[in-house]
Amino acid sequence: MLGVVRQKVGTGGSPLTVAILGKTLPFLRAAATPLRSYSSAAKEMTVRDALNSALDEEMSADPRVFLMGEEVGEYQGAYKISKGLLDKYGPDRVIDTPITEAGFTGIGVGAAYHGLKPVIEFMTFNFSMQAIDHIINSAAKSNYMSAGQLSVPIVFRGPNGAAAGVGAQHSQCYAAWYASCPGLKVLTPYSSEDARGLLKAAIRDPDPVVFLENELLYGESFPVSAEVLDSSFSLPIGKAKIEKEGKDVTITAFSKMVGLALEAADILAKEGINAEVINLRSIRPLDRATINASVQKTNRLVTVEEGFPQHGIGAEICTSVIEESFGYLDAPVERIAGADVPMPYAANLERLAVPQVEDIVRAAKRACYRSVPMAVAA
């Protein structure tokens, strides 16, 4: 499980899966982002294999852990995250369900009430809307409403946000939705290290965790160290990672946007701007201390997310910085987000609706007073 398995998702399976994947697989290679070097890295691992190995190891270590969702068993996962798990653990712990998110999510929450540790897979988090009552009103609130007598150790995981060419109903980012709800923890992995460490932490956590993956990152390979490959490895929930240190401007991002931020930082470096890039990793709880410490050093902030701008993660980060670090700011905060419209289906409009590297570069230049005014450029 810990070796690098470079496999493409097959074209067989249900018509639903084939329809979704057929649109997105041609874009996986194009979505590749530059890899950063890790000093202790011994090998590379795809995000898909990182998630698979984390699930395998946690199921092996704790018989209370089980996986449930559409096509997780016989088809080995819509994106092959659960490959090999049915053969190893059997149908009692890798459970194929009908297309009924409300049903199997409710069953999962009930199982968590009774001491089991379910991992509920949504084929896309857009489908979690069918189950949001169980996630918000049951899983998130039961510990508080029982005065701490009832724990709900459950993980809700699957791809979140825009993929490619799948339209408005399959392209939404739910980070801000779930992060606004007390009682939930919300994690957003970027690299293979993130995926392994955060999923292990989520499964071991006594509270409900929303684990937002990204479909376009599944096939991406990242360096991993021997420490990351150890079965005891996990990452702390609520702690961000500084992917690149800098002194001129802080760029915060999560999930796939981290790769774009790092690419933008490389471009900015060629123009004399040394950007610091923060991989948030955890949206709730949010590592406000790391963000504010960075802004107090760089005196500038650019937030990046692919979700809608209104009431978004960037808005929360901006507020935190204004409350705690306003006196350190030398420029207005720049906020990069998806367009405030449902995701277009047309490829050219879709590209305009999600943040691009050049958007981040322009925002950082504005923050550093290095850009040409928009009126002059026009």
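In this predicted model, helix α14, formed by residues 357-367, lies across three strands, namely β10 (249-253), β13 and β14. Relative to β14, the helix runs at about 175 degrees.

The strands beneath this description belong to one sheet. Strands β10, β13 and β14 are among the members of an open sheet of 5 strands, whose order is β9-β11-β10-β13-β14 and whose pairing is mixed. At its edges stand β9 (241-244) and β14 (334-336), each of which pairs on one side only. When direction is ignored, neighbouring strands of the sheet are turned by 25 degrees against each other on average.

The pairing at the β14 edge can be followed in detail. Strand β13, residues 301-304, runs parallel to β14 and is joined to β14 by 3 bridges. Within this pairing, Val-302 has Glu-334 of β14 as its bridge partner.

A helix pair may be considered next. Two packed helices are described by the angle between their axes and the distance between the axes. For α11 (residues 288-298) and α12 (residues 313-325), the angle is about 65 degrees and the axes are 10 Å apart. The crossing of α11 past α12 is right-handed. On the α11 side, Arg-288, Ile-291, Asn-292, Val-295 and Gln-296 make the contact; α12 contributes Glu-316, Ile-317, Ser-320, Val-321, Glu-324 and Ser-325. The contact is mixed in class, with 4 nonpolar, 4 polar and 3 charged residues.

The remaining topic is internal space. Rolling a probe the size of a water molecule over the atoms shows where empty space is left. Across the whole structure, the search yields 5 cavities of 30 Å³ or more. The largest cavity has a volume of about 140 Å³. Its lining comprises 15 residues, and those nearest the centre are Ser-171, Gln-172, Glu-306, Phe-308 and Met-343. By class, the lining of the largest cavity consists of 10 nonpolar, 4 polar and 1 charged residues.

The second largest cavity holds about 80 Å³ of space. This cavity is lined by 12 residues, of which Tyr-79, Thr-124, Ala-163, His-170 and Glu-215 are the closest to its centre. The lining of the second largest cavity divides into 7 nonpolar, 4 polar and 1 charged residues.

Conventions: Residues numbered from 1 in each chain as written. Predicted model: local features only at pLDDT ≥ 70, side-chain atom pairs only at ≥ 80, totals over all residues. Heavy atoms only, no water. 1 Å grid on protein atoms, 1.4 Å probe; cavity = no way out; pocket = protein on both sides within 12 Å on 5 of 7 lines; lining within 4 Å. Points joined across faces, edges and corners; volume = space filled by probe spheres on them. Nonpolar A, V, L, I, M, F, W, Y, C, P; charged D, E, K, R; others polar. Axes fitted to C-alpha atoms, helices over the stretch in contact; angles between N-to-C directions. Helix = DSSP H or I, 4+ residues; strand = E, 2+ residues; numbered from the N terminus. Left-handed = near helix turned anticlockwise from the far one by under 90°. Contact = heavy atoms within 4.5 Å. Pairing = 2+ DSSP bridges.
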